[in-house]
Each structure stands twice: as C-alpha cells, then as structure tokens.
Amino acid sequence: MDEFHDFGDAFSIGVSFFLERYSKKRRTRTFTYGYKRFSTLGALINSIVLLVGSVFVFMETIPRLFHPAEVNYSGMMWLAIAGLAVNGFAALRLMKGNSISQRAVMLHLLEDVLGWLAVLVGSLVIRYTGWYFIDPLLSVCIGIFILTNVCRNLYAIFRILLQATPEHIPEDKVKPVLEGVPGVKEVHDLHVWTLDGEKNIASAHLIVPDVASREDVIKVKHEAVDKLKEMGIDHLTVEIEYESEGCYSCPDE
C-alpha cells in the first residue's frame with residue numbers, strides 16, 4: 001500500500017508541475033486562449049489521486065481502530081522527524097502559489113506533512129500511554145481533513161471547466177458597472193468566466209444612443225475595459241449596438 005501511495009504522490013505531483021509549466025505557453029491556432037486550462041487539468045488529476053488515496057486510507061485504518069496492532073514507536077518517531085523535514089520544506093516553498101494547480105499540489109504535500117506529524121504524535125503518545133489505537137485514529141482524522149479540502153478543490157475545478165461565473169465576480173456585480181459607463185443605455189448578452197481561476201474573461205453587448213459618434217463609441221469601449229480590469233477581469237470583448245439596431249447575433253433564450 002505504501003508503494004502505491006508513494007507512486008501516486010510522485011506521479012500526480014510530477015504531472016501537476018509539468019502541466020503548470022506547460023500552461024505558460026502562449027496562444028496558438030489550436031488553443032486561441034493559450035494553455036491556461038492545462039494548469040486546471042493538473043489540479044484535477046492531483047485532486048482525483050488525493051480522493052482515491054483518502055478512500056484507501058479509510059479502508060486501511062478504520063479496521064485498525066477496532067483491532068489496533070503493536071508498533072515500533074521509537075522507529076516511527078525518527079522516521080516522522082525526517083519525513084516532516086523533507087515534506088515541510090517542500091510545502092513551505094509552495095505556500096505562495098495562487099493557481100488552483102499549485103493549491104492542489106500544496107494539499108498533496110500537506111497530506112504528507114500531516115501524515116508524518118500524526119506518526120510523530122502517535123509514537124510519543126504510544127510510548128507513554130500504550131494506546132496503540134491513537135495511530136489509526138489520527139490517520140482517520142487527517143483523512144477527513146484532506147477529503148474535505150479535496151472536495152472543495154474539485155468543486156472549484158469543475159466550476160472552471162464548466163465555465164461557471166467566478167464566485168468573486170458574479171454577473172449581477174459586473175452588469176451595474178457596465179451600465180454605469182457614460183453613454184451606455186443597456187447591457188445584455190453578458191458572459192463572465194475564468195480560464196484557470198486567475199485569468200478572468202467577459203463578453204458583453206453594450207447599447208449606445210443612435211446619435212453616438214465614433215469618438216463616443218471608442219470612449220465607451222475604453223472605459224468599459226478599464227472598469228472591468230479594476231474588478232479583476234483581464235480580457236473583455238465588447239460588441240457595440242446602436243439603440244435602434246437590435247441584436248442580430250443574440251442567441252434565442
């Protein structure tokens with residue numbers, strides 16, 4: 001079981017790092033928005049491995065709660081100290097990561113750190129109390145903690161992949177900002193989504209008066225872009241429509 005766990009760790013973290021670097025590539029004719037979503041793909045793979053790993057932890061440790069086995073607490077303690085040093089250093093290096101992929105890798109390393117911490121605490125408790133059940137109990141608690149965070153991460157990943165509006169930039173917050181741009185009479189066909197949880201995109205149709213000049217339209221577009229950039233939307237596609245024109249490209253809803 002430990003061999004599979006270590007292989008899963010190495011595989012998922014390696015894939016995440018590769019896809020995170022790959023996501024920095026610029027746009028191509030095939031991927032016109034760039035490769036940002038590859039970072040999210042890495043986070044998905046990492047989270048699935050963690051999810052499966054948590055299930056195996058429960059399968060292995062829950063029976064041991066009722067039938068605790070005697071363990072070598074002295075060896076556990078020194079092994080835990082070494083594991084904490086290595087995995088703790090790696091986790092600290094990733095603490096400043098903001099992408100969802102980096103958070104997934106961080107969660108993976110946190111699982112290892114907490115696992116070694118549980119081994120250290122468990123070995124000390126067993127040494128002075130003889131409570132062998134404390135080892136599987138701590139493992140179950142850590143499994144619940146990791147599983148909870150994995151589910152949250154998966155929720156965020158699926159929101160990105162399914163092009164849901166970013167939670168911190170809801171549509172009903174964006175629309176009033178665009179409607180507040182001088183010269184805009186109405187906003188419709190508004191869409192807001194995110195490529196990877198960091199780079200946010202929007203598109204909208206802005207209706208201007210029939211008397212609006214070319215200079216007025218340019219000013220409207222520039223101000224709309226500036227206002228949404230202040231909200232954290234990096235890329236805005238605007239279609240300008242005159243009041244009497246009607247929306248030719250709007251889908252039937």
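**Exercise 1. How many helices and strands are there in the protein, and which pattern do they follow along the sequence?**

Solution. Start with the rule: helices (H or I, at least four residues) and strands (E, at least two) are DSSP runs, numbered from the N terminus. Counting such runs gives 7 helices and 3 strands. Next, read along the sequence, and the pattern is α-α-α-α-α-α-β-β-α-β.

Before going on, note that this is a predicted model, in which local features need pLDDT of at least 70 and side-chain atom pairs count only at pLDDT 80 or more, while totals for chains, interfaces and linings use all residues. Residues are numbered from 1 along each chain as its sequence is written, and side-chain values use heavy atoms, with hydrogens and water left out.

**Exercise 2. Find what share of the residues of the protein count as buried, and what share of its contacts join residues 24 or more positions apart.**

Solution. First, buried means under 20% relative accessible area, exposed over 50%, and partly exposed in between (1.4 Å probe, protein chains only). Of the 253 residues, 38% count as buried. Second, a contact means heavy atoms within 4.5 Å. Among contacts with a separation of 6 or more, 71% are between residues 24 or more positions apart.

**Exercise 3. Check the span of helix H5 against its number of residues, then place Asn153.**

Solution. The expected span of a helix is 1.5 Å times one less than its number of residues. For the 28 residues of H5 this should come to 40 Å, and the end C-alpha atoms are 40 Å apart, which agrees. Asn153 lies in this helix, which covers residues 134-161. Its relative accessibility is 8%, so Asn153 counts as buried. Other buried residues of H5 include Ile146, Val150, Leu154 and Ile157. Leaving aside neighbours within four places in sequence, Asn153 is in contact with Ser47, Ile100, Arg103 and Ala104.

**Exercise 4. Is Leu162 buried or exposed?**

Solution. Leu162 lies in the loop between H5 and H6. With a relative accessible area of 68%, Leu162 is therefore exposed. The C-alpha atoms of Leu162 and Thr194 are separated by 9.8 Å, and these residues are 32 residues apart along the chain. H5 is also followed by Gln163, whose phi is positive, near 60 degrees.

**Exercise 5. Describe how H6 and H7 meet.**

Solution. Begin with the axes, which are lines fitted to C-alpha atoms, for helices over the stretch in contact, with angles running from 0 to 180 degrees between N-to-C directions. Those of H6 (residues 171-179) and H7 (residues 214-230) come within 10 Å and cross at roughly 145 degrees. Then look at the residues: Val174, Val177 and Leu178 in H6 meet Ala224, Lys227 and Leu228 in H7. This contact divides into 5 nonpolar, no polar and 1 charged (Ala, Val, Leu, Ile, Met, Phe, Trp, Tyr, Cys and Pro count as nonpolar, Asp, Glu, Lys and Arg as charged, and the others, Gly among them, as polar).

**Exercise 6. Which residues does Val238 touch, and which does Ser249?**

Solution. Val238 is found in strand E3 (residues 233-242). Not counting residues up to four places away in sequence, Val238 touches Ala204, Leu206 and Lys221. The C-alpha atoms of Val238 and Lys221 are separated by 6.9 Å. Ser249 is found in the segment after E3. At 42% relative accessibility, Ser249 counts as partly exposed. With neighbours within four places in sequence left aside, Ser249 is in contact with His205 and Glu239.
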